[in-house]
Amino acid sequence: MSPASGPSLARRLRRWIVALLLLGVVGVSAMTLWNSEWLKAPRALWELSRMPPPDALPVPVEGVAARRIADTFGAPRGRDRTHAGVDIFAKRGTPVRSVTRGVVVAVRDTGLGGRQVWVVGPARERYYYAHLEDWRAGLQEGEVVAEGDLLGYVGTTGNAAGTPPHLHWGIYGANGAYDPLPLLKAWK
């Protein structure tokens with residue numbers, strides 16, 4: 001074969017082998033990164049976004065049965081708003097648990113909700129836990145939680161000061177808040 005006729009078969013084969021090896025290294029590296037602890041929250045958000053919304057959920061306050069919860073969703077609150085969740089009354093300090101697998105996207109002490117936790121769950125629905133007495137030690141934004149994981153404790157923070165201790169709990173879907181009580185009553 002003359003030099004003008006191009007690379008030899010052996011040279012082309014070596015290039016293909018090197019290209020395939022590099023592609024394999026990039027693929028393994030990408031999978032290692034995707035499965036790393038560093039990308040745990042983004043990976044969980046991706047998985048959760050592909051799941052359907054739940055059709056039944058456990059009560060987030062330990063020891064409270066769904067039949068004990070009054071349906072106050074949509075009830076007037078002041079002159080300019082309505083109740084965008086349900087109030088689950090319990091003794092101050094009663095554990096509050098995540099109702100589903102999710103990613104904690106906010107842990108804050110502001111506004112009407114006082115001490116609150118926001119968790120993004122299946123179908124990217126947001127779960128709102130408000131008026132907490134306190135959060136679980138070490139709870140932080142970006143943490144991946146499982147159903148039943150401790151988030152905090154029933155209290156009276158925010159605009160619940162002076163009321164009996166309770167958890168204000170709401171679910172926000174693609175079209176805003178919706179009544180969560182039917183999901184609690186559907187839980188077996």
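Student: Is arginine 115 buried, partly exposed or exposed?

Tutor: Let's start with a reminder that we're looking at a predicted model. Buried would need under 20% relative accessible area, and exposed would need over 50%. Arginine 115 has a relative accessible area of 26%, so the label is partly exposed.

Student: Which residue does arginine 115 meet in a salt bridge?

Tutor: Side chains of opposite charge can pair when their charged atoms come close. Here the N to O distance is 3.6 Å, and a salt bridge needs the nitrogen within 4 Å of the carboxyl oxygen. The partner has 45% relative accessibility, so that residue counts as partly exposed. The residue that meets arginine 115 is aspartate 109.

Student: How many salt bridges does the structure hold?

Tutor: You've just seen one of them, between aspartate 109 and arginine 115. Another joins arginine 101 to glutamate 47. For the whole structure, the count is six.

Student: How many residues apart in sequence are the parts that arginine 101 and glutamate 47 tie together?

Tutor: The closest N and O atoms of arginine 101 and glutamate 47 are 3.1 Å apart, and the two form a salt bridge. Arginine 101 lies in the loop between β4 and β5 (102–110), while glutamate 47 lies in helix α2 (residues 40–49), so the pair ties together parts whose separation in sequence is 54 residues.

Student: What label does glutamate 47 get for its relative accessible area?

Tutor: Its partner arginine 101, at 32% relative accessibility, counts as partly exposed. Glutamate 47 has a relative accessible area of 34%. The in-between label covers values that are neither under 20% nor over 50%, so glutamate 47 is partly exposed.

Student: In the salt bridge of aspartate 87 with arginine 77, what is the distance between the closest N and O atoms?

Tutor: This pair links distant parts of the chain, with aspartate 87 in strand β3 (residues 86–89) and arginine 77 in strand β1 (residues 76–77). Aspartate 87 counts as buried at 13% relative accessibility, whereas arginine 77 is partly exposed at 25%. Their closest N and O atoms have a separation of 3.7 Å.

Student: Which side chain joins arginine 97 in a polar contact of 2.9 Å?

Tutor: First, place arginine 97: this residue lies in strand β4 (residues 95–97). Leaving aside neighbours within four places in sequence, arginine 97 is in contact with several residues, including Pro60, Tyr129 and Gly148. A polar atom of the arginine 97 side chain also lies 3.1 Å from the backbone oxygen of glycine 148. The side chain on the other end of the 2.9 Å contact belongs to glutamate 62.

Student: Where is threonine 157, and is that residue buried or exposed?

Tutor: Threonine 157 sits in the loop between β10 (150–153) and β11 (166–173). Sitting in a loop doesn't settle the label, so look at the accessibility: threonine 157 has 16%. Buried means under 20%, so threonine 157 counts as buried.

Student: Which residue's backbone oxygen does the side chain of threonine 157 reach?

Tutor: Leaving aside neighbours within four places in sequence, threonine 157 is in contact with a group of residues, among them Leu112, Arg115 and His131. The side chain of threonine 157 reaches a backbone oxygen at 3.1 Å, and that oxygen belongs to leucine 132.

Student: What is the relative accessible area of arginine 124?

Tutor: Arginine 124 is found in the loop between β6 and β7, and has a positive phi of about 60° although it is not a glycine. Alanine 123 has its place in that loop between β6 (114–120) and β7 (126–130) too, with phi near 60°. Arginine 124 is exposed, and its relative accessible area is 60%.

Student: Which residues make the nonpolar surface patch of about 300 Å²?

Tutor: A good place to begin is helix α1 (residues 9–34), where leucine 13 is found. Leucine 13 is one of the patch's members, and the full list is Leu13, Ile17 and Leu21.

Student: What is the radius of gyration of the protein?

Tutor: The secondary structure comes to three helices and 12 strands. The globule rule gives 16 Å for 188 residues, and the protein's value is well over that, so the protein is more spread out than a compact globule. Along the principal axes, the C-alpha trace spans about 95 × 35 × 30 Å. The radius of gyration is 25 Å.

Technical notes: Residues numbered from 1 in each chain as written. Predicted model: local features only at pLDDT ≥ 70, side-chain atom pairs only at ≥ 80, totals over all residues. Heavy atoms only, no water. Patch = residues over 30% accessible without salt bridge, like charges linked within 9 Å, V, L, I, M, F, W, Y side chains within 5 Å. Areas by Shrake-Rupley, 256 points an atom, 1.4 Å probe, with all protein chains shown as cover. Salt bridge = Lys/Arg side-chain N within 4 Å of Asp/Glu carboxyl O. Helix = DSSP H or I, 4+ residues; strand = E, 2+ residues; numbered from the N terminus. Buried < 20%, exposed > 50% of the residue type's maximum accessible area, 1.4 Å probe, protein only. Polar contact = N/O pair within 3.5 Å; in protein donor to acceptor, adjacent residues only side chain to side chain. Contact = heavy atoms within 4.5 Å. Rg over C-alpha atoms; globule rule 2.2 N^0.38 Å.
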